[in-house]
Amino acid sequence: MIARHGEMLLIQVQQSSACNALHAVEARLCRWLLQVHDRLDSNTIKLTHEFLSETLGVRRTTVTVIASNLQEAGLIRYHRGRIEIVDRAGLEARACECYDMIKNYLDNYADFDATFTS
């Protein structure tokens with residue numbers, strides 16, 4: 001199980017690295033928000049634009065512009081370090097295919113893990 005966990009972690013890192021090199025910032029931001037949302041029990045995520053800019057490797061003003069576009073499209077609401085997911089399906093449509101690939105890997109990992117723990 002430890003080896004499997006390490007493998008899944010490596011897959012996520014490799015996919016994220018490829019994503020960061022190949023995809024537009026908006027698609028990467030949508031992917032990142034969806035991945036965080038998958039791990040929370042809330043539609044509200046506490047993140048600053050500064051943190052997101054460091055995570056995505058872009059300037060804070062770039063995050064502000066993209067977040068404004070996503071808010072105008074009705075996908076998110078944000079204010080002072082709080083981002084609320086309003087339209088998850090819309091975010092999924094704007095995210096790159098990396099989101100689905102990573103999610104499928106993680107879902108399969110959970111299925112594999114459940115087989116050995118039950």
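Here is a walk through this predicted model, from the overall layout to a helix, the core, a pocket and two backbone details.

Let's start with the whole chain. It holds six helices and three strands, and reading from the N terminus the order is α-α-β-α-α-β-β-α-α. The C-alpha trace spans about 45 × 30 × 25 Å along its principal axes. Of the 118 residues, 33% count as buried. If you take the contacts with a separation of 6 or more, 61% of them join residues 24 or more positions apart.

Now zoom in on α4, residues 60-72. With 13 residues at 1.5 Å a residue, this helix should span 18 Å, and its end C-alpha atoms are indeed 18 Å apart, so the two agree. Which of its residues are buried? Those are V63, I66, A67 and L70. They cover an arc of only 100° around the axis, which means that they sit on the same side of α4. The spacing fits a simple rule: an α-helix has 3.6 residues a turn, so residues three or four places apart point the same way. As for partners, the buried residues of α4 pack against α2 (25-38), α3 (49-56), β2 (76-79) and α5 (88-94).

One of those buried residues, L70, takes us into the largest nonpolar core. This core has 23 residues, and L70 joins L29, L33, L47, L52, I76 and L91 as the members that touch the most others. Two or more core residues come from each of α2, α3, α4 and β3, with α2 giving the most, seven residues. L33 makes a nice vantage point here: setting aside neighbours within four places in sequence, L33 contacts I45, L47, I76, I83, I85 and L91.

Next, the empty space. The largest pocket has a volume of about 170 Å³. Its lining draws at least two residues from each of α1 (2-22), α2 and α3. Among the lining residues are Q12, S16 and N20, along with R31, W32, Q35, T55 and L56.

Finally, two spots in the backbone are worth a look. Just after α4, G74 takes a positive phi of about 80°. R80 also has a positive phi, about 45°, although R80 is not a glycine. Most residues other than glycine have a negative phi. Where does R80 sit? R80 is in the loop between β2 and β3 (82-85). Its relative accessibility is 76%, and since exposed means over 50%, R80 counts as exposed.

Notes: Residues numbered from 1 in each chain as written. Predicted model: local features only at pLDDT ≥ 70, side-chain atom pairs only at ≥ 80, totals over all residues. Heavy atoms only, no water. Helix = DSSP H or I, 4+ residues; strand = E, 2+ residues; numbered from the N terminus. Expected span 1.5 Å × (residues − 1). Buried < 20%, exposed > 50% of the residue type's maximum accessible area, 1.4 Å probe, protein only. Arc of directions from axis to C-beta. Contact = heavy atoms within 4.5 Å. Core = buried A, V, L, I, M, F, W, Y, C linked by side-chain atoms within 4.5 Å. 1 Å grid on protein atoms, 1.4 Å probe; cavity = no way out; pocket = protein on both sides within 12 Å on 5 of 7 lines; lining within 4 Å. Points joined across faces, edges and corners; volume = space filled by probe spheres on them.
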